[in-house]
Amino acid sequence: MTVPYSRPVREDPWAGYAWVVWQIEVLDPECRISEPYASAGVAFLLAQESREVMVDFAGRLGCVYEGCKDDGGYGSDKDPCYSWWFRVPRAEHVRRAPQGWPVAVEEARLQLNRMFADTQHWLVTVDGRRTRALAAGEPVPPLR
């Protein structure tokens with residue numbers, strides 16, 4: 001019998017935190033949703049809709065919607081991107097999806113993907129500076 005290959009399991013440095021802030025980012029090189037607010041059009045409406053939907057959706061997942069930004073840039077070309085932040089409680093943080101991030105974060109990403117169906121490049125990471133500030137009772141840094 002052969003043993004299937006598996007990756008080594010690393011300890012989660014965030015597992016001891018009461019809340020972990022996760023950031024979900026979608027790359028938008030076609031500027032479909034990252035259009036500047038000054039020329040508010042479809043992008044503005046999509047941004048507003050995502051905020052309204054995700055506040056309620058995060059609450060149903062046991063998480064807290066922290067906000068979103070659409071003025072970021074990613075990679076060497078500084079392609080536009082759109083980011084959302086979710087505060088995830090420890091109990092949800094430890095329940096993992098196959099991708100390695102929390103099930104609740106994957107559910108939020110899937111909901112966002114349904115809203116922005118033609119955008120395929122998603123990045124999901126822990127926002128360590130916001131997580132550490134929450135744990136220390138310090139002012140939470142601005143979204144960036």
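**Salt bridges and a nonpolar core**

Trainee: How far apart, N to O, are the side chains of glutamate 92 and arginine 95 in their salt bridge?
Mentor: A salt bridge puts a side-chain nitrogen of Lys or Arg within 4 Å of a carboxyl oxygen of Asp or Glu. In this predicted model, the N to O distance for glutamate 92 and arginine 95 is 2.7 Å.

Trainee: What kind of model is this?
Mentor: Residues are numbered from 1 along each chain as its sequence is written, and side-chain values use heavy atoms, without hydrogens or water. Local features need pLDDT of at least 70, side-chain atom pairs count only at pLDDT 80 or more, totals for chains, interfaces and linings use all residues, and the model is predicted.

Trainee: Is glutamate 92 buried or exposed?
Mentor: Buried means under 20% relative accessible area, exposed over 50%, partly exposed in between (1.4 Å probe, protein chains only). Its partner arginine 95 is partly exposed at 42%. At 18%, glutamate 92 is buried.

Trainee: What separates arginine 60 and aspartate 56 along helix H1?
Mentor: Their side chains form a salt bridge at 3.1 Å, N to O. Arginine 60 is exposed at 59%, while aspartate 56 is partly exposed at 44%. H1 covers residues 42–60; helices (H or I, at least four residues) and strands (E, at least two) are DSSP runs numbered from the N terminus. The pair sits four residues apart, so the separation is about one helical turn.

Trainee: What is the relative accessibility of aspartate 127?
Mentor: Aspartate 127 pairs with arginine 129 in a salt bridge at 3.8 Å, N to O. Aspartate 127 counts as buried, at 6%.

Trainee: How many salt bridges does the structure hold?
Mentor: Glu66, Arg87 and Arg130 are linked in a network of them. The structure's total is seven.

Trainee: Which residues have the most contacts inside the largest nonpolar core?
Mentor: Such a core joins buried Ala, Val, Leu, Ile, Met, Phe, Trp, Tyr and Cys residues through side-chain atoms within 4.5 Å. The largest one has 24 residues, and those with the most contacts inside it are Ile24, Trp84, Phe86 and Leu112.

Trainee: Which element gives the largest share of this core?
Mentor: H1, H3 and strands E1 (19–27), E2 (64–74), E3 (79–89) and E4 (122–126) each supply at least two residues of this core. The largest share, five residues, comes from H3.

Trainee: What distance does helix H3 reach from its first C-alpha to its last?
Mentor: H3 has 13 residues, 103–115. Its buried residues include Val105, Leu112 and Met115. The expected span (1.5 Å times one less than the number of residues) is 18 Å, and H3 reaches a close 19 Å.
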